[in-house]
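Please walk through this fold with me, sheet by sheet, keeping the coordinates open alongside the text.

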Amino acid sequence: MQNSQNLEEMIGTITKTFVIAHEADTDEHLAQALVFNAGRLAWRMRETGITTQRKTNISDVVTEADHAAEQFISGALLALRPNDGVLGEEGASRPAETGRIWVIDPIDGTYNFASGSDYFCSALALQDNGELRFGAVHRPTMGYTWFGGKHIPTTRDSQKLAPLQDTPLSEVSLGSYLHPSYMNSLSATWINVAKHAATVRMLGAGSIDLASVADGTLGAWMQHSAPAWDWLPGKALIEGAGGRCETADAGGVTWHIAGNTRAVAEILDALH
């Protein structure tokens, strides 16, 4: 666990160094550098010891690494894109003078992260006057960085991904998440979809799941009530890979659905 004063000083130093090195970056390069450095910062902090606090329940947690990574991204954006807005999972918020908002998830999969798992990432997305421009996701333990958007072909480590091909849900894996507290109220709705998939994977980090759909590691994805920071970065990646992203109301909640066009259509049919 870091001393709070020392941690503030460390984040300040890291941010200043980053700003100097990236002051001429395009938005696209800046986004990838931000998630790369935020993810690596969190990973290094975990190696030296972190504290964990609960938010809403035992599996909804936050660590000092979440706050440090978000502080780093928010601080760098304040210096490099001072008129843009910020929306962060851990509370970073700044109104936009330009209509552009950077949506930040400093550590997606915090429960995994705090448990020592390698299935976590840093993610962000840029919205420009309501239009989703791109998303960037970095998974530190694997070294992967995904980047792309509706008008930007999605890449993983700068290598262009093959466009998603229409494949039935019965032939692909379904990535998803359903918290135990929703098992009674939503299990029937969820099963109506899940029973049609080749198999189901619940891994606990939505942005990695969605990036994995974009690169073909997972076949499709469905989760209810996903907040903007869990949805927009991965949504952009799937759109950049030629996939389809939709929302639909069923069972009293809003479901977020992504994958190839055919699989998404089948999920929508099953939900309704």
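Two strands are taken as paired if DSSP finds at least two bridges between them, and the helices (H or I, at least four residues) and strands (E, at least two) are themselves DSSP runs, numbered from the N terminus. The model is predicted, and local features need pLDDT of at least 70, side-chain atom pairs count only at pLDDT 80 or more, while totals for chains, interfaces and linings use all residues. Residues are numbered from 1 along each chain as its sequence is written, and side-chain values use heavy atoms, with hydrogens and water left out.

One open sheet consists of five strands in the order β12-β11-β13-β15-β14, with mixed pairing. Its edges are formed by β12 (199-201) and β14 (244-250), each of which has a single partner strand, so one side of each is left without a neighbour in the sheet. Direction ignored, neighbouring strands of this sheet are turned by 25° against each other on average. Strand β15 (residues 253-259) pairs with β14 in the antiparallel sense over seven bridges, and histidine 256 in β15 is the bridge partner of threonine 247.

Two helices lie across this sheet, where contact means heavy atoms within 4.5 Å and where axes are lines fitted to C-alpha atoms, for helices over the stretch in contact, with angles running from 0 to 180 degrees between N-to-C directions. Helix α5 lies across β11 (173-177), β12, β13, β14 and β15 and runs at about 20° to β15, whereas α8 lies across β11, β13, β14 and β15 and runs at about 5° to β14. Helix α5 (residues 183-194) and helix α8 (residues 261-271) also pack against each other, at an angle of about 145° and with their axes 8 Å apart. Thr189, Asn192 and Val193 of α5 make this contact with Ile267, Ala270 and Leu271 of α8. Within α5 lies serine 185, which counts as exposed because its relative accessibility is 51%, on a scale where buried means under 20% relative accessible area, exposed over 50%, and partly exposed in between (1.4 Å probe, protein chains only). The C-alpha atom of serine 185 is separated by 9.0 Å from that of glycine 252, which is 67 residues apart from it along the chain.

The other open sheet to follow has eight strands in the order β4-β3-β5-β6-β7-β8-β9-β10, again with mixed pairing. Here β4 (93-94) and β10 (159-160) stand at the edges with a single partner strand each, so one side of each is left without a neighbour in the sheet. Strand β7 (residues 131-139) and strand β8 (residues 144-149) run antiparallel and are joined by five bridges, with glycine 135 standing opposite glycine 148 in β8. Helix α3 (residues 64-80) packs on this sheet, touching β3 (85-88), β4 and β5 (100-108), and its direction makes about 155° with that of β5. Helix α7 (residues 228-240) packs on the sheet as well, touching β3, β5, β6 (121-128), β7, β8 and β9 (152-156), with its direction at about 100° to that of β7.

Two serines deserve a look at their backbone. Serine 158, in the loop between β9 and β10, has a positive phi of about 70° although it is not a glycine, and serine 225, in the loop between β13 (220-224) and α7, likewise has a positive phi, of about 55°, without being a glycine. Serine 158 is exposed, with a relative accessible area of 60%, while serine 225 is partly exposed at 41%.
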